[in-house]
Amino acid sequence: METLPMDGVVVADFSRVLAGPYATMLLADLGATVIKVERPGTGDDTRTWGPPWTEHSSSYFESVNRGKRSIALDLGDPQDRAAAHDLVRRADVLVENFRPGSLARHGLDHAAARELNPRLIYTSISGFGSDGGAELPGYDFVVQALGGLMSITGEADGPPMKAGVALVDVLTGKDAALGIMAALRHRELTGEGQHVEVNLLSSLLASLVNQMSGLLTTGTAPRRMGNRHPSIAPYETLRCEDAFLAVAVGNDGQFRKLCGALGLLGLPDDERFATNAQRVAHRDELVRQLENVLGARTAADWQERLQGLGIACGQVNDLAQAVHYAESLGLRPLVDPGDGATTQVRMPIDFSAHGSAEVTPPPLLGEHGKEVLAWLEDPEQPLSPIASRRNQQ
């Protein structure tokens, strides 16, 4: 049987919505045993976040919960709370995104969990950290506003815009998974558990890279520029006959090659466009001349022609087109969990020494309760691989 990187790691997943479940799904994809603790009757909030709906739940819930077991526990009930404590004792990792202090009354805060299991990697995900922002509710949309992402997203003369997906939650989930794996390595070296904390605002600020560096270098906050790059030109969407083409020209040699393909042979020697700095300074005129030629053909035609010359470009696809394009490149972007679950986007990491865990469908609420409780009662009993619902019928 193939050994996976996270084999043998048990994750007690007390998280809800997106950032936490995304982090624990990544760990499950790498072979960890993830036990999702949910509220009886309602479960994770995202089970009701639809449309669209799948056969068993909402497509939102199913997008970040494959490969997990679900147990429904009422933490206010002494028997269920005792089961939760037993799970903490058996787990290697705990992930939670409750408001600070919420789990203390159930004996599941970091201090109490450390008493139960000193080797535990206790992972807290919040919106704004555990200090001055501890009581603030953390929703991705609000963090995109407060964290400045909206201020640099959208057209220059338009209103601030959010990204088209809950990007900050996803980034924070990846940070959480990275922190967990680093803490597990530290425990391997020292035997010590620890408290890993991530928050949406810090993950967003850390992801702003060159835009944040521009602020720190100049003292001037970047502004919205639509699809234009603040430091490179042409590096933006350009209008073709039928659609937009994203063109990324990173140096003078690439610019000369682009101009040759468009028949604009004199442009690279024009002092307004001879260097990148000059192209940025005269971007509007540059775009006008490029679009005069690009407008004679379709975006797909130009993509084929320019990519053939090694110029980075691509038409603006919708999501269905994006999946098709990835498949045409042999990237295998999708995976089928089976049992009637919605097709999923495959984990994007490939390893030469092993694959990823077998993909199993997102769990029904409390689907694995009896199995998990039996496992908790017998310290010697291993958890068997998740059984297919099809085999249980």
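**Exercise 1. A pair in the three-stranded sheet**

Find the residue of β8 that stands opposite Glu236, then work out how the sheet around this pair is put together.

*Solution.*
Step 1. Look across from Glu236 and you land on Val247 in β8. Keep in mind that you're looking at a predicted model.

Step 2. Now zoom out to the strands. β7 pairs with strand β8 (residues 244-248) through five bridges, in the antiparallel sense.

Step 3. Add the remaining strand. The order is β7-β8-β9, and these three strands make an open sheet with antiparallel pairing.

Step 4. Check the edges. β7 (235-239) and β9 (312-315) each have a single partner strand, so each has one side left without a neighbour in the sheet.

Step 5. Look at the twist. On average, and ignoring direction, neighbouring strands here are turned by 20 degrees against each other.

Step 6. See what packs on the sheet. Helix α12 (residues 299-308) does, touching β8 and β9. The helix direction makes about 160 degrees with that of β9.

**Exercise 2. The six-stranded sheet**

In what order do the strands of the six-stranded open sheet run, and which strands stand at its edges?

*Solution.*
Step 1. Read across the sheet: the order is β3-β2-β1-β4-β5-β6, and the pairing is parallel.

Step 2. Go to the two ends of that order. There you find β3 (68-72) and β6 (194-199), which are edge strands because each has a single partner, leaving one side of each without a neighbour in the sheet.

Step 3. Compare neighbours. With direction ignored, the average turn between neighbouring strands of this sheet is 20 degrees.

Step 4. Pick out one pairing. Strand β1 (residues 10-13) and strand β2 (residues 33-38) are joined by four bridges in the parallel sense. Val10, for instance, has Thr33 in β2 as its bridge partner.

Step 5. Add the helix. α6 (residues 167-190) packs on this sheet and touches β4, β5 and β6. Its direction and that of β6 make an angle of about 165 degrees.

**Exercise 3. Strand β5: buried or exposed?**

Decide whether the residues of β5 are buried or exposed, and say which way they point.

*Solution.*
Step 1. Count first: of the six residues in β5 (residues 121-126), six are buried.

Step 2. Recall a rule. Side chains in a regular strand alternate between the two faces of the sheet.

Step 3. Sort the residues by direction. Ile121, Thr123 and Ile125 go one way, while Tyr122, Ser124 and Ser126 go the other, and all are buried.

Step 4. Find the partner strand on one side. β4 (residues 93-96) runs parallel to β5, with four bridges between them. One matched pair is Glu96 with Ser124 in β5.

**Exercise 4. Hunting for cavities**

How many cavities of 30 Å³ or more are there, and what lines them?

*Solution.*
Step 1. The count is two.

Step 2. Start with the largest, which holds about 40 Å³ of space. Ten residues line the largest cavity, and those closest to its centre are Pro361, Glu367, His368, Ile386 and Ala387. Sorted by class, its lining has four nonpolar, two polar and four charged residues.

Step 3. Move on to the second largest, at about 30 Å³. Its lining is made by His110, Ala113, Arg114, Asn117, Pro118, Leu120 and Tyr122. That makes four nonpolar, two polar and one charged.

Step 4. Ask which element gives the most to this second lining. It's helix α4 (residues 110-116), with three residues.

Step 5. Link back to Exercise 3: Tyr122 lines this second cavity, and Tyr122 is also one of the buried residues of β5.

**Exercise 5. Placing Val323**

Why does Val323 count as partly exposed, and which residues beyond its close sequence neighbours is it in contact with?

*Solution.*
Step 1. Locate Val323: it sits in helix α13 (residues 319-328).

Step 2. Use the cut-offs. Buried means under 20% relative accessible area and exposed means over 50%. Val323 has 30% relative accessibility, so it counts as partly exposed.

Step 3. Set aside neighbours within four places in sequence. Val323 then has contacts with Pro333 and Leu334.

Step 4. Check a distance. Val323 and Leu334 are eleven residues apart along the chain, and their C-alpha atoms are 8.1 Å apart.

**Exercise 6. The whole chain**

What does the chain contain overall, and what box does it fill?

*Solution.*
Step 1. Count the elements: 15 helices and eleven strands.

Step 2. Take the principal axes. The C-alpha atoms fill a box of roughly 80 × 50 × 40 Å.

Step 3. Check burial: 44% of the 393 residues are buried.

Key. Residues numbered from 1 in each chain as written. Predicted model: local features only at pLDDT ≥ 70, side-chain atom pairs only at ≥ 80, totals over all residues. Heavy atoms only, no water. 1 Å grid on protein atoms, 1.4 Å probe; cavity = no way out; pocket = protein on both sides within 12 Å on 5 of 7 lines; lining within 4 Å. Points joined across faces, edges and corners; volume = space filled by probe spheres on them. Nonpolar A, V, L, I, M, F, W, Y, C, P; charged D, E, K, R; others polar. Helix = DSSP H or I, 4+ residues; strand = E, 2+ residues; numbered from the N terminus. Pairing = 2+ DSSP bridges. Axes fitted to C-alpha atoms, helices over the stretch in contact; angles between N-to-C directions. Contact = heavy atoms within 4.5 Å. Buried < 20%, exposed > 50% of the residue type's maximum accessible area, 1.4 Å probe, protein only.
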